[in-house]
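Hi,

Here is the structure I said I would pass on. Have a look at it first, and then read on for what I found in it.

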Amino acid sequence: MGALLERDKKDFRVLSEEDIVFLLKNTTFTRQKLIEQHKNFIRDCPTGLLDKKTYIKHYQDLYPEGKAQKFCNQIFEKFDIDKNGKIDFNEYILAMFALSQAIDLNGEEIGAYTSFAVTRYS
Ligand SMILES: [Ca+2]
């Protein structure tokens with residue numbers, strides 16, 4: 001988990017070889033898919049970090065009648081692994097992988113989060 005813990009000096013806009021190796025080891029995504037996803041992620045999050053406010057706004061745009069705030073807080077906090085208040089690319093990919101494996105979230109949450117992610121980053 002070194003790539004997740006040693007972050008003080010990290011430039012979150014850059015997808016480093018260390019990040020790629022870490023994500024290849026911890027997910028089933030291919031190198032090409034990671035590079036493609038990173039381009040999309042940076043297009044939407046130029047700093048390389050997705051903050052909760054932006055995440056909630058995107059969700060509200062997609063589901064204007066939903067109760068976005070509470071739902072988004074739960075999902076966001078679950079995937080903000082280092083608890084710095086932002087989701088970086090590694091956390092995003094680990095979240096996408098976890099959701100693709102359908103672990104410990106109920107079906108409704110998986111459906112809604114996946115819809116958000118697929119719309120934004122595919
Ligand atoms: Ca984080």
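Let's start with the contacts: of those in the protein with a separation of 6 or more, 62% are between residues 24 or more positions apart. Keep in mind as you read that this is a predicted model.

For the overall layout, there are seven helices and two strands. If you walk along the sequence, you meet them in the pattern α-α-α-β-α-α-β-α-α. The protein has 122 residues, and 18% of them are buried.

Now for the core. The largest nonpolar core has 16 residues, and the ones that touch the most other members are Leu-50, Tyr-55, Cys-72, Phe-76, Phe-89, Tyr-92 and Ile-93. Three elements give two or more residues to this core: helix H4 (52–62), helix H5 (68–79) and H6. As background, nonpolar side chains tend to be buried together in soluble globular proteins. If you want one residue to click on, try Phe-76: leaving aside residues up to four places away in sequence, Phe-76 touches Lys-52, Tyr-55 and Ile-87.

Next, the helix pairs. I looked at three of them.

H4 with H5: the two axes come within 10 Å and cross at roughly 130 degrees. H4 is therefore oblique to H5, and the crossing of the pair is right-handed. On the H4 side you will find Lys-52, Tyr-55, Ile-56, Tyr-59 and Gln-60, which meet Ala-68, Gln-69, Cys-72 and Phe-76 in H5. Sorted by class, this contact of H4 with H5 has six nonpolar, two polar and one charged residues. Tyr-55, Cys-72 and Phe-76 are names you have already met among the core residues that touch the most other members.

H3 with H6: helix H3 covers residues 31–44, and its axis comes within 11 Å of the axis of H6, crossing at roughly 120 degrees. That angle makes H3 oblique to H6. The crossing of H3 and H6 is right-handed. Here Leu-34, Gln-37, His-38 and Phe-41 in H3 meet Phe-89, Tyr-92 and Ile-93 in H6. The contact of H3 with H6 has five nonpolar and two polar residues, and no charged ones.

H2 with H6: what angle do helix H2 (residues 17–26) and helix H6 (residues 89–100) pack at? The angle is about 15 degrees, with the axes 11 Å apart, so H2 is roughly parallel to H6. This crossing is right-handed. Asp-19, Phe-22, Leu-23 and Asn-26 are the H2 residues here, and they meet Asn-90, Ile-93 and Leu-94 in H6. By class, the contact of H2 with H6 divides into four nonpolar, two polar and one charged. Look out for Ile-93, which meets residues of H2 and also residues of H3.

One last spot to visit is Lys-83, in the loop between H5 and strand E2 (86–88). Its phi is near 55 degrees, which is a positive value in a residue other than glycine. For context, most residues other than glycine have a negative phi. Is Lys-83 buried or exposed? Lys-83 is exposed, because just 7 other C-beta atoms lie within 10 Å, and a residue counts as exposed at 12 or fewer.

Best wishes

Note on methods. Residues numbered from 1 in each chain as written. Predicted model: local features only at pLDDT ≥ 70, side-chain atom pairs only at ≥ 80, totals over all residues. Axes fitted to C-alpha atoms, helices over the stretch in contact; angles between N-to-C directions. Helix = DSSP H or I, 4+ residues; strand = E, 2+ residues; numbered from the N terminus. Parallel < 35°, antiparallel > 145°, perpendicular 65-115°, else oblique. Left-handed = near helix turned anticlockwise from the far one by under 90°. Contact = placed C-beta atoms within 7 Å. Nonpolar A, V, L, I, M, F, W, Y, C, P; charged D, E, K, R; others polar. Core = buried A, V, L, I, M, F, W, Y, C linked by C-beta atoms within 7 Å. Buried ≥ 20, exposed ≤ 12 C-beta atoms within 10 Å, placed from the backbone.
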